[in-house]
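Visitor: I am new to this structure. Please take one part of it and look at that part closely.

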Amino acid sequence: MDERGEPYVGEPVYLFPDELEALRLVYLEGLTQEKAAERMGVSRGTLWRSLSSGRRKVVQAIVEKRPLVLKS
C-alpha cells in the first residue's frame with residue numbers, strides 16, 4: 001500500500017546491485033562516469049548501461065506506481 005492506503009499497481013521493478021551502485025556513485029557521490037567505472041572495476045560502457053537501465057527502472061517504478069525492489 002502507498003501513503004494514501006492505495007495498493008501498488010503491477011509487478012515490482014527489480015533494481016540490481018550494479019545498477020544501484022552506478023546510480024549511487026554518479027548521482028549521489030557526484031563522480032564522473034569515468035571515475036565511477038574505475039571504482040566499480042568496469043568499463044565506461046558497462047557503467048553507462050547500468051546507469052541507463054537503473055534510471056529507466058526507477059522512473060518506471062515512480063510513474064507506474066510499482067514497488068521498487070533492491071536485489072542482492
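Guide: What follows is a look at one helix and the residues around it. The model is a predicted one. The part chosen is helix H1, which spans 17–28.

Two residues of this helix serve as a starting point. Glu19 lies in helix H1, and Leu20 is found in helix H1 too. Glu19 has a relative accessible area of 6%, so Glu19 is buried, the cut-off being under 20%. Leu20 counts as partly exposed because its relative accessibility is 37%, which falls between 20% and 50%.

Take the buried residue, Glu19. Its side chain makes a polar contact of 2.5 Å with the side chain of Ser53. Another polar contact, of 3.0 Å, links the side chains of Glu19 and Lys57. Apart from neighbours within four places in sequence, Glu19 is in contact with Tyr14, Ser50, Ser53, Gly54 and Lys57.

Leu20 belongs to a nonpolar patch on the surface, together with Leu68 and Leu70. The accessible area of the three together is about 250 Å².

Helix H1 also has a part in the largest nonpolar core, a set of nine residues: Leu15, Ala22, Leu23, Leu25, Val26, Ala36, Ala37, Leu47 and Leu51. At least two residues of this core come from each of helix H1, helix H2 (33–40) and helix H3 (44–63). H1 gives the largest share, four residues. Another member of the core is Ala37. Setting aside neighbours within four places in sequence, Ala37 is in contact with Val42, Ser43, Arg44 and Leu47.

How values were computed
Residues numbered from 1 in each chain as written. Predicted model: local features only at pLDDT ≥ 70, side-chain atom pairs only at ≥ 80, totals over all residues. Heavy atoms only, no water. Core = buried A, V, L, I, M, F, W, Y, C linked by side-chain atoms within 4.5 Å. Buried < 20%, exposed > 50% of the residue type's maximum accessible area, 1.4 Å probe, protein only. Contact = heavy atoms within 4.5 Å. Patch = residues over 30% accessible without salt bridge, like charges linked within 9 Å, V, L, I, M, F, W, Y side chains within 5 Å. Areas by Shrake-Rupley, 256 points an atom, 1.4 Å probe, with all protein chains shown as cover. Salt bridge = Lys/Arg side-chain N within 4 Å of Asp/Glu carboxyl O. Polar contact = N/O pair within 3.5 Å; in protein donor to acceptor, adjacent residues only side chain to side chain.
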